[in-house]
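Student: I have just opened this model and would like to go through it slowly. Please start wherever you like.

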Amino acid sequence: MMRNLFRAAVYSPDVHIGNVEANCREIEKIYRENAYQADLIVTPELSMTGYTCADLFANRLLLDKSREYLKKLAEMTAAYKEEGAALVVGLPFEKDSELLNCAALLHNGSVVAIVPKMYIPNYGEFYEKRWFSAGPCEAQQILWNGEDRTWFGSNLIIELGTPGESVKIGMEVCEDGWAPVSPGRLLAVHGAEIILNLSASNEVIGKEQYRRTLIGSTSSSCLCGYIYVSAGRMESTSDLVFGGHNLMYENGKLLGETKPFTQEVLIRDFSLSKIRHDRIANKSFADCRRNFDAVKYQTILCRKVFLNKEEFCGKVSITPFVPSTNKRQRCMEIFQMQVAGLQRRIEVTHSRHVIVGVSGGLDSTLALLVASQAARKAGLPSDTVIGITMPGFGTTSRTKNNSLEMMKVLGCDCRTIPISDSVRQHFRDIGHDEEVRDATYENSQARERTQILMDVSNKVGGFVVGTGDLSELALGWCTYNGDHMSMYAVNTSIPKTLVRTLVDEIGHHLAENGYPALAAVIEDVIDTPVSPELLPPNEDGTIAQITEDTIGSYVLHDFFLYYSLRFGMPPEEIYELCRCAVKQSEEYKFSDEEIRKWQKVFYTRFFRQQFKRNCMPDGVKVGTVSVSPRGDLRLPSEVDFAQFLGE
């Protein structure tokens, strides 16, 4: 079963303005259909009456019916017991001779909490102060409906679940979320992990995008899930129109939405692991709580058995590092960061040249493109970049020719320095049999290439640009003091799956903007199998040594890497999430056994190879995941990772 997930559903039911009984029938219908499909069902502001009742809010019948049917809706949830969804509705609620605009959470037969709206809009098209008062903040237990007790107040946090599995929920109503210091923000700072906003937001030009910006920003800065549900099109259209624009965000990421003037049940899963990880990692979040200790927040418990979740409700990309939208634009942004980092290093070192080892593979292609653009940005000639291809025992004509063609198109100083004779001399010096194709055989070639690059850089007054990527560093798939080392590494925070996308997008962008001959070679580089080319080719001249045959798919390893480092998820949770991502993917298919096998390889290699990362070269960070020991990842080289393999 999927772990640490909280499933919520939102819906904007048809309203019958002023008819509480009819509105509650609509709410009951949607609840019964989804009571076992979600852990929580949320409806809009004043969903029991309709938002546009206007002066009907002062009518005694409407208010009495609201209380009567609040109790009936609560009793309706009793049939579903602790396994059924909690239900949140909006209603006018009379207390101490004041009328308050409230959200109520119902579960297992009782009204668990009632939260009043704090900020009452009275500007533009809004006229709420004619009917409603601002709610009190301080939590208290009240009698309502004569004999029933419930918690009441805006500083309530409802812990929904069981001791082993729970989530903390805070509620606010419409305008509260638009206030400079919103109740939702304070609730989040004091522990609420999911904020609910019951709203009735009318549609005007530009407001749809403004809602996304506002809610996404709140979710991002508060490191929370945010559920926004708004009144739908059946509200009165005397002067306004409502669209039922519903949104769910998690730590600033849009999980799903229903567009205005559409009507559907939106169900999504919130990852409590992600929310909790980011709150632990972000120390400013905890510091904020200390600055707002004047108001005390009351946490109340509501026992709820979470649904068993066999699938993730929402999109899980099997390639989390790869942009899913605006791909060219995102790739250009990443490329510009790489270029800026290298340009600055060129300028501060007053170097006359940068040296790139060009193999014809993805990584060196990206590094070459970055170096070429950095030299151009620095106002230097194209031959500032010295590209060196160093054919050895495993080099194929395909990769060699691609290397030469790329350097020629980009106007680099192109050099070919074969390494076979010097490596054979080295074998004789150390007494190694060339027919023994072991680690010594392979790594001697990698170190010979690095020596050539370093020595040429000294000779010409330049520095070596490293080509190794984030995935190779994570797995330790690099030769220590061979391709592991350089003087500045431009791909150090780019995982392999993203390298491929960058080469494709940037290569074709350059081909369309001044380098037309680059297109064909870029396409062939992308189609070339990933290989270090350290073992002799097949008889037909094709690459014999395929990296992913040895260490597993980079698609899987990048997935494991992302969720391990970005969110600190345990192996079991990553495994289940990966299974869901594979099922959703049309391009990549892996069996459960393959996922388990390569996940074990990932943890084994990741922890054993930390010593290589502890002395990795400088390189710019471009995304949320980095393994630099000077920045994001500080680990001892002796981690005992048996429990990771055990799980």
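Student: Which helix gives the most to the lining of the second largest cavity?
Tutor: Helix 4 does, with three residues in the lining of the second largest cavity. A helix here is a DSSP run of H or I with at least four residues, a strand is a run of E with at least two, and both are numbered from the N terminus. Please keep in mind that this is a predicted model, in which local features need pLDDT of at least 70 and side-chain atom pairs count only at pLDDT 80 or more, while totals for chains, interfaces and linings use all residues. Residues are numbered from 1 along each chain as its sequence is written, and side-chain values use heavy atoms, with hydrogens and water left out.

Student: And what volume does that second largest cavity have?
Tutor: The volume of the second largest cavity is about 40 Å³, counted as the space filled by probe spheres set on grid points that are joined across faces, edges and corners. A cavity is a set of points on a 1 Å grid over the protein atoms alone where a 1.4 Å probe fits but cannot get out, and lining residues have an atom within 4 Å of a point.

Student: Which residues line the second largest cavity, then?
Tutor: Its lining is made up of Cys174, Gly177, Trp178, Asn197, Leu214, Ile215, Thr218, Tyr226 and Tyr228. Helix 4 (207–222) and strand 11 (225–230) are the elements that give two or more residues to this lining. By class, the second largest cavity has six nonpolar, three polar and no charged residues in its lining, where Ala, Val, Leu, Ile, Met, Phe, Trp, Tyr, Cys and Pro count as nonpolar, Asp, Glu, Lys and Arg as charged, and the others, Gly among them, as polar.

Student: How many cavities are there of 30 Å³ or more?
Tutor: The count comes to four cavities of 30 Å³ or more, and the largest cavity has a volume of about 110 Å³. The largest cavity is lined by 14 residues, of which Gly468, Leu473, Asp483, His484 and Ala489 lie closest to its centre. The classes in the lining of the largest cavity are six nonpolar, six polar and two charged residues.

Student: New topic: at what angle do helix 8 and helix 13 pack?
Tutor: Helix 8 and helix 13 (residues 496–512) pack at about 45°, with their axes 9 Å apart. Axes are lines fitted to C-alpha atoms over the stretch in contact, and angles run from 0 to 180 degrees between N-to-C directions.

Student: Why are helix 8 and helix 13 called oblique?
Tutor: Their packing angle makes helix 8 and helix 13 oblique to each other, because angles under 35 degrees count as roughly parallel, over 145 as roughly antiparallel, 65 to 115 as roughly perpendicular and the rest as oblique.

Student: Which residues make that contact?
Tutor: Helix 8 brings Leu362, Asp363, Thr365, Leu366, Leu369 and Gln373, while helix 13 brings Lys496, Val499, Arg500, Leu502, Val503, Ile506, Gly507 and Leu510; contact means heavy atoms within 4.5 Å. By class, the contact of helix 8 with helix 13 has eight nonpolar, three polar and three charged residues.

Student: And what about helix 16 and helix 18, at what angle do they cross?
Tutor: The axes of helix 16 (residues 554–567) and helix 18 (residues 592–608) cross at roughly 60° and come within 10 Å, which makes helix 16 oblique to helix 18. Residues in this contact include Phe560 and Leu561 of helix 16, and Trp598 and Phe602 of helix 18. The contact of helix 16 with helix 18 divides into ten nonpolar, three polar and one charged residue.

How values were computed. 1 Å grid on protein atoms, 1.4 Å probe; cavity = no way out; pocket = protein on both sides within 12 Å on 5 of 7 lines; lining within 4 Å.
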